[in-house]
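Hi everyone, thanks for coming. I'd like to walk you through one chain today, so have the viewer open and follow along with me.

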Amino acid sequence: MTKELIIAVLLFVLGLVLLIKGGDWFVDGASGIAKRLHVPELIIGATVVSIGTTLPEVMVSATSAAKGASAMSYGNAIGSIICNTALILAISIAIRPAEADRKSLLMPVIFFFAAAAFYVICAYVFGYFYRWMGIVLLAVFVGYMALSAVQAKKEAKLLSPEDAEKQEVAEPAPEEKPAKKPLIKDGLFKDLLLLIVGAALIALGANLLVNNGITIAQIIGIPQSVIALTFIALGTSLPELVTAITSLVKGHGQLSLGNIIGANLFNLVLVCGVSITIAPFAVPAEAMFLGMNRSLVIDIPVMLASMLILTVPALIKNKLYRWQGVCLLAIYAGFIAIQFAF
């Protein structure tokens with residue numbers, strides 16, 4: 001028993017190290033690509049980075065669906081969105097409020113609430129997630145990525161006035177052109193490599209941290225309900241947490257904001273879309289709150305309220321405020337308290 005605990009602790013620490021280093025490389029690669037391609041960090045965060053940090057949720061949901069437990073993805077997706085918004089990003093905002101680029105933020109926000117509206121209709125009107133609904137969600141994901149690619153291409157063409165002036169004034173000699181291209185390609189390749197390796201380390205680190213965290217909790221004697229509400233619920237959101245902290249430390253607030261909003265969108269359209277398409281399921285009704293389905297009266301409303309509190313002020317004022325972070329943290333505390341009390 002002692003040997004098992006020691007091994008679990010060592011693997012837990014290894015997972016933490018991999019998460020931290022992976023997050024560091026991931027942010028470096030993403031911000032490097034944004035600079036080289038002249039694409040706003042928020043767009044990179046809402047697409048490439050978000051897919052990488054949502055990989056744990058996708059893997060968990062796909063595996064659950066394949067094993068006939070698709071309903072697990074329902075709680076996984078909703079819980080991850082609430083955790084991402086009301087805990088992870090809320091901490092970042094409370095510590096260091098950042099600017100918000102309305103132009104880059106608008107599209108992922110519109111897509112999120114459009115997908116959320118469709119999700120709400122499926123849950124409240126039908127009470128069941130049919131396969132065609134999963135296909136619709138996946139189609140929304142494909143549409144979002146396609147439009148993001150078009151937007152990124154447009155942004156890449158818009159060079160700064162300084163860059164344009166440099167190109168007009170100092171046109172490189174013919175012999176210098178071949179020397180510059182490899183440097184740009186090598187730099188871009190390095191950033192892509194950092195992004196891919198970072199994502200792999202994040203996924204592996206999260207897996208080690210969650211699995212061995214559960215093992216440690218079981219050996220020590222922590223109740224299963226506590227394990228589910230802490231290690232498992234927060235575990236799949238660890239990549240977003242690490243990326244947010246790393247982005248905050250490195251001063252890339254836009255990357256963190258884009259990552260969280262993009263990850264929230266992908267939780268609805270990609271995570272749920274995959275699991276519903278693999279194995280349709282009914283809205284879970286095991287947990288109740290005052291005689292009503294807790295998922296419908298607590299979970300989904302909290303998810304929508306959290307995203308509204310986060311995005312509306314950002315879209316109106318082009319800025320995130322400390323009060324938003326404090327408010328979201330209070331909501332998360334109340335949400336967790338209800339999970340334990342009922």
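Let me begin with a term: a residue counts as buried when its relative accessible area is under 20%, as exposed when that area is over 50%, and as partly exposed in between. Please also keep in mind that this is a predicted model.

With that in hand, go to cysteine 272. Is cysteine 272 buried or exposed? Its relative accessible area is 0%, so cysteine 272 is buried. Another cysteine to click on is cysteine 83, which counts as buried because its relative accessibility is 1%. You may be wondering about disulfides, for which two cysteine sulfur atoms have to lie within 2.5 Å. By that rule, the count is 0. For cysteine 272, the nearest cysteine sulfur belongs to cysteine 122 and is 9.9 Å away, and cysteine 272 is in no disulfide.

Stay in that area of the sequence and move to serine 275. Serine 275 sits in helix H10, which covers residues 253-278. What does the side chain of serine 275 reach? It reaches the backbone oxygen of cysteine 272, at 3.1 Å. Serine 275 has 0% relative accessibility, so serine 275 counts as buried. Now try measuring from serine 275 to phenylalanine 129: the two are 146 residues apart in sequence, yet their C-alpha atoms are 9.9 Å apart in space.

Let's zoom out for the overall picture. The chain has 12 helices and 4 strands. Of its 342 residues, 47% count as buried. If you take contacts between residues at least 6 apart in sequence, 84% of them join residues at least 24 apart. The chain exposes about 16,000 Å², with carbon and sulfur atoms supplying 72% of that area.

That brings me to the surface. There is a nonpolar patch formed by Ile121, Tyr124, Val125, Phe126, Tyr130, Trp132 and Val136, and together these residues have about 680 Å² of accessible area. Which helices each supply at least two residues of the patch? They are helix H4, residues 102-126, and helix H5, residues 131-157. H4 gives the largest share, with 4 residues. One of the patch members is valine 125, and valine 125 is found in helix H4. Its relative accessible area is 62%, so valine 125 is exposed.

Over in helix H5 you will find isoleucine 135. At 48% relative accessibility, isoleucine 135 counts as partly exposed. Along the chain, isoleucine 135 and leucine 270 are 135 residues apart, while their C-alpha atoms are separated by 9.8 Å.

Next, a pairing that involves helix H7, residues 177-220, where asparagine 212 lies. Asparagine 212 counts as buried because its relative accessibility is 10%. Which residues is asparagine 212 in contact with, leaving aside neighbours within four places in sequence? They are Ala8, Leu11 and Phe12. In the same spirit, asparagine 212 and isoleucine 7 are 205 residues apart in sequence, and their C-alpha atoms are 8.7 Å apart.

Now for helix H11, where you can pick out alanine 305. Alanine 305 has a relative accessible area of 31%, so alanine 305 is partly exposed. From alanine 305 to isoleucine 331 it is 26 residues in sequence and 9.2 Å in space, C-alpha to C-alpha.

My last stop is one for those of you who like backbone torsions. Asparagine 318 lies in the loop between helix H11, residues 294-317, and helix H12, residues 322-341. Asparagine 318 has a positive phi of about 60°, although it is not a glycine. Why point that out? Most residues other than glycine have a negative phi. As for its surroundings, asparagine 318 has a relative accessible area of 26%, so asparagine 318 is partly exposed.

That's the tour from my side. Thanks for listening, and do rotate the model yourselves while we chat.

Technical notes. Residues are numbered from 1 along each chain as its sequence is written. This is a predicted model: local features need pLDDT of at least 70, side-chain atom pairs count only at pLDDT 80 or more; totals for chains, interfaces and linings use all residues. Side-chain values use heavy atoms; hydrogens and water are left out. Buried means under 20% relative accessible area, exposed over 50%, partly exposed in between (1.4 Å probe, protein chains only). A polar contact is a pair of N or O atoms within 3.5 Å; within protein, one must be able to donate a hydrogen and the other to accept it, and residues adjacent in sequence count only if both atoms are side-chain atoms. Contact means heavy atoms within 4.5 Å. Accessible areas come from the Shrake-Rupley method with a 1.4 Å probe; for residues, only the protein chains shown count as cover. Patches are made of residues with over 30% relative accessible area and no salt bridge: like charges are joined within 9 Å, nonpolar side chains (Val, Leu, Ile, Met, Phe, Trp, Tyr) within 5 Å. A salt bridge is a side-chain nitrogen of Lys or Arg within 4 Å of a carboxyl oxygen of Asp or Glu.
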